[in-house]
Amino acid sequence: MGQELPDLKQLLAELIATPSVSSVDPQHDQGNLAVIELLAGWLEELGFDCQVTNLPGQPHKANLIAALEPAAVDSARADNASDTGRGGLALCGHTDTVPCNPELWQSDPFTLSERDGRLYGLGTTDMKGFLALAVEAVKGLAAEQLTAPLVLLASADEESGMAGARALEQSWPTHIRPRQALIGEPTANLPVHMHKGMMMEALHIAGRSGHSSNPELGRNALEPMTRVLQELLDWREELRARYRDERFAVPYPTLNLGHIHGGDNPNRICGSAELHIDLRPLPGMAPEQLRAELRDRLQGALGDAATDLTIRSLSVGQPPLETPRSAPIIELAERLTGHPAKAVAFATEAPYLAELGMDVLVLGPGDIECAHQPDESLAVERLQPSIELLRGFIRHFCMEEAPNHAAG
Ligand SMILES: [Zn+2]
């Protein structure tokens, strides 16, 4: 099986040559169907069952869930497998890339090119390189060898809102629920078990414009905005005092005042003002709760002017992630790599997989420093160790017999 499949570098070259740029700007947003087709074609050849699901309202984007299940799986056995904590594994990666500036690259971003021991191309690190490695790692596997399901998830739209990951709750087949998941985002193959969340909120104050010579002719939106600003700075100090986690490089939740706009002319009363903020919660801080607290505090600070305030979210936001160090996949990752699991500063799709009941590890071959950069690349010397590592996870969660003591 799989004899017809290209070799690893050719797999990667084909993924790189298939553009799948995600952008919040519809002009630059390309969709990912061609990449999904490539992957589904290869994985079907390898005996995987492929389910392609278009995203709601975005027919040019789709998720692929490809599953290889134990030959004689019945529900009793599947239950048993999950009782032992070895109930299968999902290898997960997003198929989209960020946009690029080809004029800043030394070679064409859509042509895989090898020089100085590195493979260059848009997505080599973030994260088509991982997808090619995952396909390579499952080559030659037969359903008869498995004791628990092995899933390859290729998602859409990670770089522009994570609509793909958010759609999984509706489309993930209920009969295939791996207990463990590995997301191959760039961590230089070091295990990551936690990251902060991300929220972006717009705070708008409505006023009424009028001639500046007489304040009675309008209602100035900038004046209550000063109270909003002060309240946010106070809240930020309180959050910083209340929450702390030394495992993060920045060990407290952050709140950034990122953008403000209001009014038009010095001789007009400011008719409306808007402030955009970015909040990065630590694990344990729930985004909905923070939104409610933000609203309460600002309404309290504004008093009578509270009716002029509207708050809207600029993005759905990403929840924070913390997979316990004791989770089987984290323990195994620490053992296989010889490194303790750590925290990173970037958000991933992991919280959405955690919501589906999986323990999620983030571990992938790329280096985050070269993601989203011109001349994005992946070290050739990472390839073989990555394949070995992925096969180690597959053997442990999908192939070995469950230990006896778990049965009692
Ligand atoms: Zn990524």
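Buried area is the accessible area that two parts lose on being put together, summed over both. Keep that in mind for the domain stop below. One more thing before you start clicking: this is a predicted model.

**Stop 1: the whole chain**

Show the chain as a cartoon. The C-alpha trace spans about 80 × 55 × 35 Å along its principal axes, and the secondary structure comes to 10 helices and 16 strands. Of the 408 residues, 53% count as buried. If you like contact maps, take those contacts between residues at least 6 apart in sequence: 80% of them join residues at least 24 apart.

**Stop 2: two domains**

Now colour by domain. Select 8–195 together with 319–407 for domain 1, then 199–313 for domain 2. Taken over C-alpha atoms, the centres of domain 1 and domain 2 are separated by 38 Å.

Where the two meet, nine residues of domain 1 are in contact with eight residues of domain 2. About 610 Å² is buried between domain 1 and domain 2, and carbon and sulfur atoms give 69% of that area. Which residues of domain 1 lose the most area to domain 2? Pick M194, P320 and E322: together these three make up 61% of what the domain 1 side buries.

Leave E322 on screen and add R247. Their side chains meet in a salt bridge, 2.9 Å from N to O. The count of salt bridges between domain 1 and domain 2 is one.

**Stop 3: the zinc ion**

Select the zinc ion, then show H94, D126 and E185 as sticks. H94 coordinates the zinc ion through NE2, D126 through an OD atom, and E185 through OE, listed twice, with distances of 1.8 to 2.7 Å. Why is the arrangement irregular? The four donor atoms subtend angles of 52 to 143° around the zinc ion, whereas a tetrahedral call would need all angles to lie between 85 and 135 degrees.

Follow the donor residues along the sequence and you get the spacing H-x31-D-x58-E. Two of them link distant parts of the chain: H94 sits in strand β3 (residues 89–94), while E185 is in the loop between β7 (180–183) and β8 (192–195), 91 residues apart. Switch on a surface and check this pair: both H94 and E185 are buried.

**Stop 4: three helices**

Jump to S386, in helix α10 (residues 383–399). S386 has 3% relative accessibility, so this serine counts as buried. Leaving aside residues up to four places away in sequence, S386 touches L133, N189 and P365.

Next, go to E37 in helix α2 (residues 33–45). Is E37 buried or exposed? With 62% relative accessibility, E37 counts as exposed. While you are there, draw a distance from E37 to K128: they are 91 residues apart in sequence and 14 Å apart in space, C-alpha to C-alpha.

Finish at R297, in helix α7 (residues 287–302). Its relative accessibility is 19%, so R297 counts as buried, the cut-off being under 20%. Show what R297 touches, again not counting residues up to four places away in sequence: E231, D234, W235 and E238.

Definitions and conventions: Residues are numbered from 1 along each chain as its sequence is written. This is a predicted model: local features need pLDDT of at least 70, side-chain atom pairs count only at pLDDT 80 or more; totals for chains, interfaces and linings use all residues. Side-chain values use heavy atoms; hydrogens and water are left out. Donors are N, O and S atoms within 2.8 Å of the metal (3.2 Å for Na, K and Ca); water is not among the atoms, so sites may look incomplete. Four donors count as tetrahedral if all angles lie between 85 and 135 degrees; four count as square planar and six as octahedral if opposite donors are over 155 degrees apart and all others between 65 and 115; anything else is irregular. Helices (H or I, at least four residues) and strands (E, at least two) are DSSP runs, numbered from the N terminus. Buried means under 20% relative accessible area, exposed over 50%, partly exposed in between (1.4 Å probe, protein chains only). Domain bounds come from an automatic or database domain assignment. Contact means heavy atoms within 4.5 Å. Buried area is the accessible area (1.4 Å probe) that two parts lose on being put together, summed over both. A salt bridge is a side-chain nitrogen of Lys or Arg within 4 Å of a carboxyl oxygen of Asp or Glu.
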